[in-house]
Amino acid sequence: MNKAAKKTATLTAVDIGSAKIKVLIADNLGDGSLSLCGFGEAPANGVREGLVVDIEKTAAALGNALKEAEIMSNRKIGPVTVAVSGENIEGITAKGSSVISDDTVSVSEVNKVLEMSRTEVPDQKNVRILATLERGYEIDGQKGIMRPEGMTGRRLSGDVYLLFASHNALANMEKCILQAGAQVEGDFVFSALAAAESVLSEDEKDLGVCLVDIGASISEIVIFSQGTVRDACAIPIAGDDIRNDIAHMHHVSLEAAERAKCQIGVADGDGFIDLGDASGIGDNKVGRSVVCDTIIHRVDEILERVQQRIDNFTRDETHLSAGLVLVGDGALLPGIVELAKKRGLMARLGKPRYRGEKHEIIASPRFAVGAGLLSLAAGRKEALSALSEADVLTKIKRVLRRIFHDGEENDKEKI
């Protein structure tokens with residue numbers, strides 16, 4: 001069957017950040033590939049540090065971004081896959097175990113182990129589990145098993161990493177999405193995990209890598225090793241803090257400070273830049289190197305927090321051989337990769353691997369989350385389709401068994 005004959009499905013990704021709401025629409029071509037067909041963006045009015053603080057404003061902003069994407073793509077928005085962020089998102093290591101019946105591990109026994117691990121999440125009435133990430137299994141003392149189904153043994157244990165978030169925070173986000181005329185498909189996705197889906201290779205995840213998503217008011221960290229998530233967190237230091245530092249220290253407007261941040265970054269530079277005063281009217285020429293020093297101070301703080309997290313993880317001499325991957329708007333600061341390297345962190349920019357139609361729109365670290373959401377949505381569709389096909393086959397087998405069984409009973413009656 002050629003590509004043109006394959007049935008396509010429309011996927012919609014919504015990245016709700018503290019500065020911008022981004023919407024991406026793509027066609028799932030059914031052969032593992034995507035075709036981007038629409039994009040929309042709006043200021044994230046009503047969102048602060050990843051949390052909804054004004055439902056009306058957030059819903060209106062999301063509605064504008066969805067409408068823009070619909071017009072560009074000439075598609076109608078269906079269920080949306082949504083990324084969330086914020087300090088309310090936490091992760092813990094948990095374990096579960098189960099006795100293996102008939103000496104062979106079944107899917108249901110693996111699910112029992114996962115379900116038991118989820119009981120370790122604190123304050124379960126007020127939180128919602130976003131992801132149950134398998135780290136590995138153990139059967140009768142044999143460790144390092146990744147796919148236990150079908151293996152022989154008597155007792156199965158599992159090591160997982162659980163990500164969870166405030167139930168109220170997610171409920172407020174869902175209200176905004178519904179009010180904007182859309183509905184959430186599946187679970188919300190931790191934005192750093194979505195970004196990892198689009199920019200990290202399997203080799204990097206195996207070797208050990210730390211992804212840092214530097215947004216407007218939140219920076220998110222997720223550490224991979226041996227192919228699985230080992231740690232994840234969010235820290236309340238990001239791009240807006242850099243902008244605010246410039247505005248306060250040099251007595252300029254937030255708009256001028258943001259412009260200087262994006263132009264100068266942490267790259268050394270000569271000459272002066274006219275920032276204007278806080279009113280935006282007067283002159284205020286400041287040395288570029290002085291502004292650069294202001295930015296470096298805050299970026300160093302972010303990198304220091306990242307290093308602390310890495311150090312906590314690597315105490316057991318585990319190495320992150322693939323280094324640091326930077327995504328988000330903050331990753332676009334001029335000179336940030338070079339600064340990270342000077343601080344002893346091997347780093348690179350994370351750009352989405354998508355190379356289909358309109359790839360130039362999202363070929364940037366700022367779209368890593370959206371591109372990852374599309375990949376996750378496509379994978380979810382394929383998994384559900386496979387489950388549906390398996391269910392159909394099971395039903396057919398059941399009917400055939402009933403037919404042949406009834407036939408045998410009829411033959412017995414004739415005899």
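Two exercises with worked solutions follow, one on strands and one on a helix pair.

The model is predicted, so local features need pLDDT of at least 70 and side-chain atom pairs pLDDT 80 or more, while totals for chains, interfaces and linings use all residues. Residues are numbered from 1 along each chain as its sequence is written, and side-chain values use heavy atoms, without hydrogens and water.

**Exercise 1.** Determine how β2 is joined to β1 and to β3, and whether β2 is enclosed or not.

*Solution.*
1. Strands are DSSP E runs of at least two residues, numbered from the N terminus; two of them pair if DSSP finds at least two bridges between them.
2. β1 (residues 9-16) runs antiparallel to β2, with eight bridges; L11 has A26 of β2 as its bridge partner. Three residues link β1 to β2 in a hairpin.
3. β2 and β3 (residues 34-43) are antiparallel too, joined by nine bridges, and N28 is opposite L34. This hairpin has five residues between its strands, and G30 in the turn has a positive phi of about 80 degrees.
4. Eight of the nine residues of β2 (residues 20-28) are buried, so the strand is largely enclosed by the rest of the structure. Buried means under 20% relative accessible area (1.4 Å probe, protein chains only).

**Exercise 2.** Classify the packing angle of α6 and α8 and list the residues that meet.

*Solution.*
1. Helices are DSSP H or I runs of at least four residues. The axes of α6 (residues 239-250) and α8 (residues 288-313) are 9 Å apart, at about 140 degrees.
2. α6 is therefore oblique to α8; oblique covers angles outside the ranges under 35, 65 to 115 and over 145 degrees.
3. In contact (heavy atoms within 4.5 Å), D241, I242, D245, I246, M249 and H250 of α6 meet V290, V291, T294, I295, R298 and V299 of α8.

Methods. Buried < 20%, exposed > 50% of the residue type's maximum accessible area, 1.4 Å probe, protein only. Axes fitted to C-alpha atoms, helices over the stretch in contact; angles between N-to-C directions.
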